[in-house]
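Biologist: I am new to this structure and would like a close look at a single part of it, the helix that comes late in the chain. Please set that part in its surroundings as you go.

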Amino acid sequence: MSNVEAKPVEMRCGTTTDGTRPTDAPQVDVLTPRDVPLGGPRAMTVRRTLPQRARTLIGAWCFADHYGPDDVSATGGMDVPPHPHTGLQTVSWLFSGEIEHRDSLGSHAFVRPGELNLMTGGHGISHSEVSTTRTAVLHGVQLWVALPAEHRDAERDFQHHAPTPVHVAGAEIRVFLGSLAGDDSPVRTFTPLLGAEILLEPRATLTLAVDPGFEHGLLVDQGDVRMADTLLRPAELGYVPTGADTLTLTNESDDTARAVLLGGTPFEEEIVMWWNFIGRTHEDIVRAREEWEAASDRFGTVDGHGGFRLPAPALPNGVLSPRGNPARH
């Protein structure tokens with residue numbers, strides 16, 4: 001699922017200014033999501049954790065929507081017609097349900113639980129996303145990764161990976177990007193990244209060795225999870241700056257807890273996000289919108305959806321400008 005808000009606000013990501021923290025006591029900031037109703041013929045409400053005022057970027061991760069469990073029989077599920085992207089990679093990860101993906105590269109694939117679909121839309125790509133008739137409950141996360149300037153016009157690409165679960169004492173881990181717990185994902189990215197789903201057994205504690213050059217975010221899906229000394233509840237995201245070489249997670253609930261761990265080296269560039277575009281200037285966004293509305297070859301065409309394309313919303317009256325993350329004090 002992409003950003004199909006009818007009236008999207010400007011989303012800004014930029015340079016971090018965080019210093020390192022002692023590895024034995026990482027500071028955890030708790031980010032709470034906001035509910036965002038998505039437009040279109042089948043509206044869904046998602047919980048958006050990134051971007052926000054307190055933290056707009058974790059590594060190159062610049063967008064995180066968390067949705068479900070959604071009873072498709074009651075809501076109609078997901079039906080997002082062809083829409084564009086520039087300057088980013090989309091990362092789709094499901095906990096339950098199934099989504100059919102088609103894009104202008106010619107890819108036709110399915111997003112299923114425990115399997116990664118990663119699409120690169122540098123210079124331009126378009127795709128559609130529709131929950132299948134086999135789906136009873138739709139539940140998962142949609143994530144975006146900003147492309148660095150030298151790769152912002154990267155060619156269209158699509159990668160699929162089904163990671164083998166890693167079993168450690170009290171936990172099961174699926175590493176879909178980067179390296180963790182002795183497992184490495186083969187999926188190509190343009191900056192150093194980490195992405196993993198973690199299942200924690202009831203009352204279990206897990207300590208993970210992590211790269212101290214990464215900043216990390218833990219998005220809790222179910223259960224109450226303590227990260228270092230900070231309790232995170234469902235839909236909350238705990239942020240840890242660079243400097244920590246271990247992360248300790250404890251499931252404080254009597255049922256299995258689930259969370260998604262994100263990480264990466266601080267992204268040192270300022271970027272501007274609006275609708276489904278990432279650029280460096282207001283003019284970049286204006287040009288991308290104009291070319292999408294004109295059905296430019298920049299975005300190609302998506303076959304198999306029925307012909308309807310999602311129109312771009314109106315631009316705001318002001319100038320879109322990049323901003324950095326707030327400084328930590």
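Modeller: Contact here means heavy atoms within 4.5 Å, and a residue is called buried when its relative accessible area is under 20%. The model is a predicted one. With those terms in place, the helix can be taken up.

Helix α2 covers residues 282-293. From its first C-alpha to its last, this helix of 12 residues reaches 17 Å, close to the 16 Å expected at 1.5 Å a residue. Which residues of α2 are buried? They are His 282, Asp 284, Ile 285, Ala 288, Arg 289 and Trp 292. These residues lie on the same side of α2, because the arc they cover around the axis is only 165°. The buried residues of the helix pack against four strands: β6 (79-85), β11 (125-131), β26 and β27 (277-279).

The chain just after α2 has a feature of its own. Ala 295, in the segment that follows the helix, has a phi near 55°, a positive value in a residue other than glycine. Ala 295 is partly exposed, since its relative accessible area is 48%.

A second alanine can be set beside Ala 295. Ala 235 is not a glycine either, yet its phi is positive, at about 80°. Ala 235 sits in the loop between β22 and β23. With a relative accessibility of 9%, Ala 235 counts as buried.

Now for the surroundings. The protein chain contains two helices and 27 strands. Of its 329 residues, 56% count as buried. Among contacts in the chain with a separation of 6 or more, 75% are between residues 24 or more positions apart.

One of the strands that α2 packs against, β26, leads to the interior. The largest nonpolar core has 33 residues, and the members that touch the most others are Trp 61, Val 91, Leu 116, Phe 176 and Leu 177. Strand β26 (271-274) is among the elements that give two or more residues to this core, as are β5 (61-71), β7 (88-96), β10 (116-121), β15 (171-177), β23 (237-240) and β25 (257-264). The most comes from β12, which gives five residues. Phe 176 shows how distant parts of the sequence come together: leaving aside neighbours within four places in sequence, its contacts include Trp 61, Val 91, Trp 93, Leu 116, His 161, Val 187 and Val 260. Another core, of 26 residues, lies apart from this one and has Ile 173, Leu 180, Val 220 and Leu 232 among its members.

Several of the strands that feed the largest core also belong to a sheet. An open sheet of seven strands runs in the order β3-β4-β5-β12-β7-β10-β13, with antiparallel pairing. β3 (34-37) and β13 (157-161) are the edge strands; each has a single partner, so one side of each is left without a neighbour in the sheet. On average, neighbouring strands of this sheet are turned by 20° against each other, direction ignored. At the β3 edge, four bridges join β3 to the antiparallel strand β4 (residues 45-50), and Arg 34 has Arg 48 as its bridge partner in β4.

Two cis peptide bonds occur in this part of the chain. One joins Leu 50 and Pro 51, with omega about -5°, and Pro 51 lies in the loop between β4 and β5. Another joins Gly 68 and Pro 69, with omega about 0°, and Pro 69 lies in strand β5.

A further open sheet has four strands in the order β19-β24-β21-β22, also paired antiparallel. Its edge strands, β19 (205-209) and β22 (230-232), each pair on one side only. The twist from one strand to the next averages 25°. Strand β21 (residues 225-227) is joined to β22 by three bridges, and Met 227 has Thr 230 as its partner in β22.

The loop between β23 and β24 (246-251) holds Gly 243. This glycine counts as buried, at 10% relative accessibility. Gly 243 and Val 210 are 33 residues apart in sequence, and their C-alpha atoms are 9.7 Å apart in space.

To return to the helix: α2 has its buried residues on the same side, and these pack against β6, β11, β26 and β27.

Note on methods. Residues are numbered from 1 along each chain as its sequence is written. This is a predicted model: local features need pLDDT of at least 70, side-chain atom pairs count only at pLDDT 80 or more; totals for chains, interfaces and linings use all residues. Side-chain values use heavy atoms; hydrogens and water are left out. Two strands pair if DSSP finds at least two bridges between them. Axes are lines fitted to C-alpha atoms, for helices over the stretch in contact, and angles run from 0 to 180 degrees between N-to-C directions. A nonpolar core is a set of buried Ala, Val, Leu, Ile, Met, Phe, Trp, Tyr and Cys residues joined through side-chain atoms within 4.5 Å. Buried means under 20% relative accessible area, exposed over 50%, partly exposed in between (1.4 Å probe, protein chains only). The expected span of a helix is 1.5 Å times one less than its number of residues. The arc is that of the directions from the helix axis to the C-beta atoms.
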